[in-house]
Amino acid sequence: QVQLVESGGGLVQPGGSLRLSCAASGSIFSIAAMAWYRQAPGKERELVAKVTSVGLTNYADSVLGRFTISRDNAKNTVYLQMNSLKPEDTAVYYCNCKAQTQRYGYVLDYWGKGTLVTVSS
């Protein structure tokens with residue numbers, strides 16, 4: 001199996017910054033992409049940012065210019081630097097990993113348990 005552990009969530013004032021991290025471990029053969037999703041109360045889960053194994057990135061329009069996703073392939077870790085945070089960014093943030101394990105030759109989705117980000121005065 002693949003395990004994902006997120007960290008870095010917490011309470012921050014509007015305009016502040018946080019950095020989330022997610023480390024993947026387990027019987028990983030290769031990682032095709034890693035991403036961050038979020039789910040606010042009463043809303044559906046949405047893609048925030050994604051980075052592929054070759055470094056291609058894409059962002060939700062609502063975070064473009066404020067958030068930056070990056071990766072450390074050697075550590076199987078993905079980061080999300082969040083700047084100029086707004087109350088609308090309040091949500092549970094989930095790490096997602098699309099990976100091949102040593103057992104299976106096809107890509108499967110794996111999810112972390114989530115970390116809460118609260119933006120409030």
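1. Let's start with Gln100, which lies in strand β9, the run of residues 91-101. Please keep in mind that this is a predicted model. Is Gln100 buried or exposed? Its relative accessibility is 19%, and because buried means under 20%, Gln100 counts as buried.

2. The side chain of Gln100 has two polar partners worth a look in your viewer. One is Ser30: the two side chains are joined by a polar contact of 2.7 Å. The other is Gly105, whose backbone oxygen is reached by the Gln100 side chain at 2.5 Å.

3. Which residues does Gln100 touch once its neighbours within four places in sequence are set aside? The contacts are Ser27, Ile28, Phe29 and Ser30, together with Gly105, Tyr106 and Val107. Both polar partners appear in that list, Ser30 and Gly105.

4. Tyr106, one of those contacts of Gln100, also takes part in a ring pair. Searching the whole structure turns up two aromatic pairs. In the pair of Tyr104 and Tyr106, the ring centres are 5.4 Å apart and the planes meet at 40°, so this pair is tilted. As for accessibility, Tyr104 is partly exposed at 35%, and Tyr106 is partly exposed too, with a relative accessible area of 47%.

5. Arg45 deserves a look for its place over two rings. Its charged end sits over the ring of Tyr94, 3.8 Å from the ring centre. Arg45 also lies over the face of Trp111, where the distance to the ring centre is 4.8 Å. If you colour by residue type, try showing Arg45, Tyr94 and Trp111 together.

6. Next comes strand β8, residues 77-82. Why can β8 be called largely enclosed by the rest of the structure? Five of its six residues are buried, so the description fits.

7. Strand β8 has pairing partners that you can trace residue by residue. With strand β3 (residues 18-26), β8 pairs in the antiparallel sense over six bridges. Within this part of the sheet, Arg19 stands opposite Gln81 of β8. Strand β7 (residues 67-72) also runs antiparallel to β8, and six bridges join the two. Here Asp72 stands opposite Thr77 of β8.

8. Finally, a word on the turn. Strands β7 and β8 form a hairpin, and four residues lie between them. Which residue of the turn has a positive phi? That is Asn76, with a value of about 50°.

How values were computed
Residues are numbered from 1 along each chain as its sequence is written. This is a predicted model: local features need pLDDT of at least 70, side-chain atom pairs count only at pLDDT 80 or more; totals for chains, interfaces and linings use all residues. Side-chain values use heavy atoms; hydrogens and water are left out. Rings of Phe, Tyr and Trp (its six-membered ring) pair if their centres lie within 6.5 Å; planes under 30 degrees apart count as stacked, over 60 as edge-to-face and the rest as tilted. Buried means under 20% relative accessible area, exposed over 50%, partly exposed in between (1.4 Å probe, protein chains only). A charge sits over a ring if NZ of Lys or CZ of Arg is within 6 Å of the ring centre and within 35 degrees of the ring normal. Two strands pair if DSSP finds at least two bridges between them. A polar contact is a pair of N or O atoms within 3.5 Å; within protein, one must be able to donate a hydrogen and the other to accept it, and residues adjacent in sequence count only if both atoms are side-chain atoms. Contact means heavy atoms within 4.5 Å.
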